Amino acid sequence: DYWQPTETVAWGPQGRGRWCADCHKCWRTCFSQWRSLAMLRVWIEESQENREEWVQMRTAFLSIVAEGGSQKIHRAAVDRRLAVLKWSFGFLSVPFGPFVVERLSGMQGLPAPSNLVQMVVGGVP
């Protein structure tokens, strides 16, 4: 697993806002040429499409980070990974973006079937 709940979060450089180190590196690699870190937050909050683009780009970036290695990650590598992820998710007919997992036991009634990708009952898909 990439994230371990018992680990301490590594934060970005001092004085650069409250960004974890990985999100800061993703911004530096993929967005710093077009917008400052402060404007990135504004851009992310501006629309759902921007938020989804950020999540997709961050997912592509972190998937490269998770592979390990000490090489610097370049924007071109993130763009290639993003294209592969978009194709893979599309091939599987699975949305590629933010999603929410909610226990059915805590819901009032059942969700609309059109909103479901996969329903897990009793912990077994």
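Here are a few notes on this predicted model, meant for someone opening it for the first time.

1. Start with the overall layout. The protein chain holds four helices and zero strands, so along the sequence you simply read α-α-α-α. Of its 125 residues, 24% are buried. As for contacts between residues at least 6 apart in sequence, 36% of them link residues at least 24 apart.

2. Now the outside. The chain exposes about 9600 Å², and 55% of that comes from carbon and sulfur atoms. One spot to look at is a nonpolar surface patch built from Trp87, Phe91, Leu92 and Val94, which together offer about 480 Å² of accessible area. Phe91 belongs to helix 4, which covers residues 75–91. With a relative accessible area of 60%, Phe91 counts as exposed, because the cut-off for that label is over 50%.

3. On to the charged pairs. Side chains of opposite charge can pair when their charged atoms come close. How many salt bridges does a search of the whole structure find? The count is three, and the next points take them in turn.

4. Arg41 and Glu45 make a salt bridge through their side chains, at 3.0 Å from N to O. Both sit in helix 2 (residues 37–46), and because they are four residues apart there, about one helical turn separates them. Arg41 is partly exposed, at 43% relative accessibility.

5. Helix 4 has a pair of its own: Asp79 and Arg75, whose closest N and O atoms are 2.9 Å apart in a salt bridge. These two are four residues apart in that helix, or about one turn. Asp79 is partly exposed at 33% relative accessible area, and Arg75 is also partly exposed, at 24%.

6. Arg81 and Glu67 form a salt bridge too, with 2.7 Å between the closest N and O atoms. What does this pair tie together? Arg81 is in helix 4, while Glu67 is in the loop between helix 3 (48–66) and helix 4, so the bridge ties together parts that are 14 residues apart in sequence. Are the two partners buried, partly exposed or exposed? Arg81 is partly exposed, with a relative accessible area of 21%; that value is just outside the buried class, because buried means under 20%. Glu67, at 54%, is exposed.

7. If you want one place to begin in the viewer, try helix 4. Phe91 of the nonpolar patch is found there, as are Asp79 and Arg75, and Arg81 lies in this helix as well.

Key
Residues numbered from 1 in each chain as written. Predicted model: local features only at pLDDT ≥ 70, side-chain atom pairs only at ≥ 80, totals over all residues. Heavy atoms only, no water. Patch = residues over 30% accessible without salt bridge, like charges linked within 9 Å, V, L, I, M, F, W, Y side chains within 5 Å. Areas by Shrake-Rupley, 256 points an atom, 1.4 Å probe, with all protein chains shown as cover. Salt bridge = Lys/Arg side-chain N within 4 Å of Asp/Glu carboxyl O. Buried < 20%, exposed > 50% of the residue type's maximum accessible area, 1.4 Å probe, protein only. Contact = heavy atoms within 4.5 Å.
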